[in-house]
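Reader: I'd like to go through this one label by label. Could you show it to me?

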Amino acid sequence: VLLHPLHDVPGPTLCKITRMPWWIVNYKGDQVPWLRGLHAKYGPVVRYGPNDLSYGTGEAWKSVFGYEKGRPENPKDNNTFIPPIGGVRHMITAEQEQHTRFRRIFSPAFSERALKQQEPLIRKYVHQLVRYLDQTAGDQVNLVDLLNFTTFDIMGDLTFGQPLGLLDNIGYTPWIASTFKSLRVLGIMQFIVYYPIVHTVFNWLEPKFVTDMKMEFFNHTQERVDQRLARGSQQPDIWNLVAPSDAKGDEVLTLKEMYANAELLMTAGTETTASSLSGLFYLLLTHPAIMEAARKEVRSSFKSADDISMEGLANLKHPRRPPSLPPVGQGIPRVAPKGGNVVLGKWVPEGTTLLVHHTSVYRSPAGWKDPDRFDPERWLPDGPESAKYRGDRRDWHQPFSYGPRNCLGQNLAWHEMRLIAAHLLYHFDVELCDKETGDWLDTKCWLVWDRKPLICRVTPVAR
Ligand code: HEM
């Protein structure tokens with residue numbers, strides 16, 4: 001306890017001896033409030049395990065995730081990743097060199113130019129959502145499910161060249177349902193893979209339902225990628241944008257790399273966007289004055305629904321930024337490289353886990369005035385409306401992460417979220433059925449939030 005190089009970093013005494021407190025809260029899905037509590041008690045840097053540091057300050061983004069000349073990068077923490085079923089890692093978990101190659105190959109599919117081409121495809125599913133809500137006018141609907149159906153169908157079309165049919169059937173396929181279920185065992189799986197002995201024993205004894213769950217997801221992705229490649233497509237989907245016909249050698253993805261990254265896109269590009277949108281709607285529904293202002297702005301800015309475009313939406317005031325419910329509630333840690341590194345001016349030994357805790361950073365009174373207050377004016381350009389938030393550290397807000405491994409899909413996410421939100425606000429008056437919903441924000445988090453149903457009554461606006 002006294003001789004460890006991190007002995008002077010504050011934190012609970014038990015955490016200096018064992019990682020067990022972390023594993024327990026991580027297993028229960030309670031790590032977000034736990035780490036927030038530790039930051040409130042111990043300050044911006046907390047030792048939450050013998051070799052684990054959490055930063056509750058946005059000053060740490062650059063030091064932990066950024067690239068600085070002459071300083072080694074902090075790589076991903078491979079100890080926390082579940083080994084890939086197909087034997088090949090995807091972009092998020094890839095080693096640095098492989099990551100750079102993936103990033104180069106996939107970037108054209110997420111450029112502004114690609115997005116322009118993809119806009120009609122995205123609109124198609126937004127219109128389908130609007131049509132469904134028109135038909136169910138006045139009924140109670142679960143907005144969380146409907147937003148999931150929409151984002152999964154969009155990403156399914158972009159990744160596999162065909163939708164998953166969730167909006168057609170208003171229901172999850174067994175494949176998607178098992179994805180959501182598997183999140184709940186993420187905490188325990190992370191514990192298992194972290195300790196090589198436990199992992200080896202687990203591999204011998206792995207329960208059949210866990211093997212089935214992993215295989216189901218992987219086989220499904222593989223089949224759909226194979227079908228898409230066999231069928232070909234003229235659509236601006238991912239594969240048409242990543243692979244120029246004259247690509248050679250290193251610039252060509254192997255089939256296994258395609259499977260692995262398709263699986264990533266279907267997880268990274270769906271739940272996150274739907275989560276951000278459901279959080280936004282919950283906050284709008286519980287802040288009627290802001291909801292009214294948002295509706296007014298959207299309804300007066302477009303002459304008709306057909307005019308609502310990605311371009312036109314980028315300049316609206318509501319919402320300029322997602323609310324402070326980051327879809328990735330905790331963040332993906334890095335680890336200090338061989339030989340250690342300097343983080344925020346302090347040397348940390350090799351192998352130290354470095355986590356910048358999203359939720360703690362976005363709720364820190366050191367970075368934000370009234371951090372728990374939902375107020376879109378916070379994000380307006382400098383002027384009288386945003387004056388009271390002038391001291392806010394907007395540069396601390398990095399829900400898409402920071403540095404060379406930040407979110408590749410952030411432009412797509414922004415456009416998609418704005419299109420869906422604007423269409424819902426333009427076409428419908430949405431009302432929260434409080435009794436059925438309760439305190440929606442009080443929920444568990446396993447990497448992403450275990451969102452509870454958001455039960456609403458949706459009434460079409462008479463025009
Ligand atoms: C509100 C929506 C979204 C949020 C908040 C979000 C957030 C994140 C975060 C925190 C990371 C991890 C970066 C790290 O390791 O530090 C990430 C990575 C990634 N996201 Fe997103 N994401 C969103 C939507 C999307 C969408 C729509 C896509 C499209 C497919 C996407 C694709 C990716 C990819 C490919 C990576 C890996 C990037 C890399 O490792 O280079 N994300 N995202």
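Author: What follows is a short set of questions about the labels and the values behind them. Heads-up: this is a predicted model, where local features need pLDDT of at least 70, side-chain atom pairs count only at pLDDT 80 or more, and totals for chains, interfaces and linings use all residues. Residues are numbered from 1 along each chain as its sequence is written, and side-chain values use heavy atoms, with hydrogens and water left out.

Reader: Why is Ile170 called partly exposed?

Author: Its relative accessible area is 29%. Buried means under 20%, exposed means over 50%, and partly exposed is what lies in between (1.4 Å probe, protein chains only). So Ile170, at 29%, lands in the partly exposed class. Ile170 also has a phi near 45°, a positive value in a residue other than glycine.

Reader: What makes Leu447 partly exposed?

Author: The value is 31% relative accessibility, so Leu447 goes in the partly exposed class. Leu447 isn't a glycine, yet its phi is positive, about 65°. You'll find Leu447 in the loop between strand E9 (445-446) and strand E10 (448-449); strands here are DSSP E runs of at least two residues, helices are H or I runs of at least four, and both are numbered from the N terminus.

Reader: How do you know that Cys407 is a donor to the iron atom of the ligand?

Author: Cys407 SG sits 2.3 Å away from the iron. Donors are N, O and S atoms within 2.8 Å of the metal (3.2 Å for Na, K and Ca), so this sulfur qualifies. Cys407 is the single donor from the protein, but water is not among the atoms, so sites may look incomplete.

Reader: What makes E3 and strand E11 a pair?

Author: They share 3 bridges in the antiparallel sense, and two strands pair if DSSP finds at least two bridges between them, so the condition is met. Asn142 stands opposite Ile455 in E11. The open sheet has 3 strands in the order E3-E11-E8, with antiparallel pairing.

Reader: Why are strand E3 and strand E8 described as standing at the edges?

Author: Strand E3 (140-142) and strand E8 (428-432) each have a single partner strand, so one side of each is left without a neighbour in the sheet.

Reader: What makes helix H10 mostly covered?

Author: In helix H10 (residues 186-194), 7 of its 9 residues are buried. Among them are Leu186, Gly187 and Tyr194. The buried residues of H10 pack against several elements, including H9 and helix H12 (208-231), where contact means heavy atoms within 4.5 Å.
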